[in-house]
Amino acid sequence: MRLPFLLTLPRVLRHSASVGADLPPDEAVSVDAPDPVLRAALASAADGDHGPARELLAQTREHRQWELRDGYVSRLAEAALHNPGWLDAWQAEHPEDPDAALVGADLCIHRAWEVRTGESAGQVTPDQFRAFFALLEDAAPVIGRAAELSPADPVPWRIALTHALGSQAPREVFDDYWAQALALDPHHYGCHTAALQYLCAKWHGSHTEMFDFAERAADTAPPGSKLHALPLFAALEYTVLSPDAPPGPDPYAPRVAAAVARALDLSAAYAPDSLEAAGFRNCLALMLLRTERWDEALDAFRSIGTRATKYPWAYFGDDPRQEFLETRSGTRVQLASRTPFFGRPPQPRTAPAPAPGRAPGAPCAVAIAAARPADVAQAALMCGVSLRTAPATDTHTYVEAVADARPAKRSILSTEDPLTTAADNFTTGEKWPTLVLRRTPERCGLTLFLKGRPLAAHEWDATSPAPDHAAVTATAEALARAFALPDPRPLTHILRSTGNPPRHQADLLAALSLPPLPPGFGERPDVLDTLPGARVLTHRGLLAGIRSALTTRDGEHPAPPGAYRPRRPRWWLLRTLGLLLFTAAAVHGWAAPGVTPVHATVYTLVALYLATALTRARHRRRARAAAAPE
């Protein structure tokens with residue numbers, strides 16, 4: 001362990017709870033969450049119904065909402081990548097529909113890039129490249145058809161610019177596509193971001209050409225346009241994603257700094273937790289961290305709120321959400337370590353995103369443990385999270401996390417939701433399995449814990465296609481082993497189901513012979529508070545948890561820390577006799593010349609300790625008696 005870390009650790013422990021305490025909880029953060037109308041269209045498409053998607057895109061075309069239309073088309077094409085039946089039916093029923101043709105054109109690009117993958121060229125095999133270019137060649141007439149059916153729409157030209165990038169089209173082809181896009185909408189955000197990628201150094205341009213293009217577009221953009229963030233994307237491409245840095249002084253440092261300043265001004269023009277601003281705000285947070293502007297980076301995370309995006313975090317790992325949460329947590333640690341021990345943590349520079357109570361979209365979570373409530377309570381004494389337990393059956397217990405006014409320090413910076421963090425802890429060393437179940441408006445999930453290890457996880461998403469069969473089979477087998485089922489095949493069928501996540505989640509519990517989810521789950525937090533026998537297990541510190549584990553009898557639910565416990569007569573007798581004995585010894589020690597001051601001091605301290613314990617116990621007994629109903 002390095003010495004600088006040891007020197008800053010006290011600051012982190014002292015300030016970690018207050019730095020960034022106004023940020024939305026980790027469990028409320030989602031990646032690229034769609035707006036309600038798009039969510040409904042995606043859910044219907046997963047069920048095979050293209051009607052809502054058709055109505056949605058028709059409205060954007062009629063009202064010329066090109067920016068909104070571009071985002072909707074991309075998400076619908078992504079949804080059709082592994083579940084194209086609804087799009088095939090739409091195109092068969094309405095072969096001249098410009099919206100169906102547009103989604104089909106974008107789908108061709110998605111298919112090609114799925115084959116190539118997002119790896120660098122050196123990591124892509126020759127077979128992948130051959131398939132990639134073949135799919136792009138097949139996509140060209142589809143894109144042209146989409147542009148013909150909707151001649152006023154700039155979105156087909158955004159797809160064409162992306163096609164030019166992947167197909168390594170010559171500059172004159174790119175220039176022609178770009179001229180067509182400009183003629184239809186000179187400030188279209190999607191077309192500009194696609195063109196920026198073509199012009200960057202790793203594709204077909206250079207750093208200078210990329211920055212020139214981005215700054216020129218931002219200088220001519222209307223006030224408040226997201227095109228003002230285009231230089232930020234160029235700075236991100238140059239600073240973070242470019243493989244080689246130029247030797248000597250950085251010639252682009254002033255342009256990078258100007259891009260960040262321009263993006264900060266743009267972010268201030270949007271409301272906190274804005275869906276429209278989420279894309280460039282996530283990039284802004286990363287750029288601020290790269291320049292170690294920790295205060296401003298934390299403010300950027302405040303403005304992002306719950307709206308993480310796939311990019312740029314997907315560049316750093318397979319799970320963009322986890323990368324976002326870990327980066328946000330690391331920012332809090334950095335600020336806490338830089339705050340003087342007796343100093344005041346930096347205050348927000350911007351208004352925090354509204355987060356009253358449970359944030360919209362935050363998952364409801366409940367666990368089902370194959371153990372009695374007393375056994376769960378005993379195991380959870382040192383998990384650092386307050387829990388509510390309720391009997392589900394004679395052998396099963398419902399568990400949910402309870403909000404803490406002052407959460408334990410060891411749980412503050414965890415990037416898992418509190419219940420998952422607690423289940424990881426209270427199942428350690430236990431033989432019974434625990435299933436943590438989560439639900440949001442569009443998805444349901446589960447994690448299986450056994451002996452402190454997450455053995456399996458699964459998620460049903462109303463907007464996504466059926467998951468991989470091999471992964472689902474492995475999850476079903478783990479669940480079958482944990483709950484002693486002889487045949488995992490029915491579980492595999494349930495896990496692969498799509499379209500109705502709450503129903504599939506309930507079906508799985510029935511197949512596992514587990515109790516059903518409590519009423520109201522997914523609609524409100526604290527669903528266990530009205531169940532018979534519900535008890536709250538207040539979180540304890542480490543030493544208090546050890547003491548409770550050693551002193552609570554088996555089969556009892558531990559009392560909250562500081563709660564009144566009636567003292568037995570033996571307790572009163574022993575401490576009273578001890579007080580008399582040590583008081584007499586202290587008086588004798590200070591008066592007699594043969595007793596050393598050390599011994600006299602020890603006798604005095606023991607007598608004071610016993611007197612304090614007796615006084616506190618008497619006051620608590622009187623308060624208890626006064627509060628008892630007559």
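**View 1. Phenylalanine 132 is a buried ring, at 1% relative accessible area.** Here, buried means under 20% relative accessible area, exposed means over 50%, and partly exposed lies in between (1.4 Å probe, protein chains only). This is a predicted model, in which local features need pLDDT of at least 70 and side-chain atom pairs count only at pLDDT 80 or more, while totals for chains, interfaces and linings use all residues. Residues are numbered from 1 along each chain as its sequence is written, and side-chain values use heavy atoms, with hydrogens and water left out. A search of the whole structure turns up 20 aromatic pairs. One of them joins tryptophan 113 and phenylalanine 132: their ring centres are 5.0 Å apart and their planes meet at 65°, so this pair is edge-to-face. The two rings come from distant parts of the chain, tryptophan 113 from helix 6 and phenylalanine 132 from helix 7 (residues 126–149), 19 residues apart. To count as a pair, rings of Phe, Tyr and Trp (its six-membered ring) need centres within 6.5 Å; planes under 30 degrees apart are stacked, over 60 edge-to-face, and the rest tilted. Unlike its buried partner, tryptophan 113 is partly exposed, at 22% relative accessibility. Look around the pair and you will find an aromatic cluster made of Trp113, Phe129, Phe132, Phe133 and Trp203.

**View 2. Aspartate 99 and arginine 61 join their side chains in a salt bridge, 2.8 Å from N to O.** Aspartate 99 belongs to helix 6 (residues 98–116) and arginine 61 to helix 3 (residues 51–62), so the bridge ties together parts that are 38 residues apart in sequence. A salt bridge here is a side-chain nitrogen of Lys or Arg within 4 Å of a carboxyl oxygen of Asp or Glu. What is the relative accessibility of aspartate 99? It is 0%, so aspartate 99 counts as buried. Arginine 61, at 26%, counts as partly exposed. Both residues also take part in a network of salt bridges that links Arg61, Arg69, Asp99 and Asp153.

**View 3. Serine 150 sits in the loop between helix 7 and helix 8.** Serine 150 is buried, with a relative accessible area of 7%. Which residues does serine 150 touch, leaving aside its neighbours within four places in sequence? They are Arg61 and Pro98, where contact means heavy atoms within 4.5 Å. Arg61 may look familiar from the salt bridge with aspartate 99.

**View 4. Aspartate 70 forms a salt bridge with arginine 158, with the closest N and O atoms 2.7 Å apart.** Distant parts of the chain are linked here: aspartate 70 is in helix 4 (residues 66–80) and arginine 158 in helix 8 (residues 155–166), 88 residues apart. Aspartate 70 counts as buried at 8% relative accessibility, and arginine 158 is buried at 11%.

**View 5. Lysine 202 and glutamate 237 meet in a salt bridge of 3.3 Å, N to O.** This pair, too, links distant parts of the chain: lysine 202 lies in the loop between helix 10 (189–199) and helix 11 (207–219), glutamate 237 in helix 12 (residues 230–241), 35 residues apart. Is lysine 202 buried or partly exposed? Lysine 202 is partly exposed, with a relative accessible area of 40%, while glutamate 237 counts as buried at 4%.

**View 6. Lysine 226 holds its charged end over the ring of tyrosine 189, 4.2 Å from the ring centre.** A charge sits over a ring if NZ of Lys or CZ of Arg is within 6 Å of the ring centre and within 35 degrees of the ring normal.

**View 7. Threonine 331 lies in helix 17 (residues 320–338).** At 1% relative accessibility, threonine 331 counts as buried. Apart from its neighbours within four places in sequence, threonine 331 is in contact with Leu289, Trp294, Ala297, Leu298 and Phe301.

**View 8. Helix 25 runs through residues 569–591.** With 23 residues, helix 25 reaches 33 Å from its first C-alpha to its last, close to the 33 Å expected at 1.5 Å a residue; the expected span is 1.5 Å times one less than the number of residues. Its buried residues are Trp571, Trp572, Gly578, Ala586 and Gly589. Stepping back, the protein chain has 26 helices and 9 strands; these are DSSP runs numbered from the N terminus, helices being H or I with at least four residues and strands E with at least two. Of the 630 residues in the protein chain, 45% are buried.
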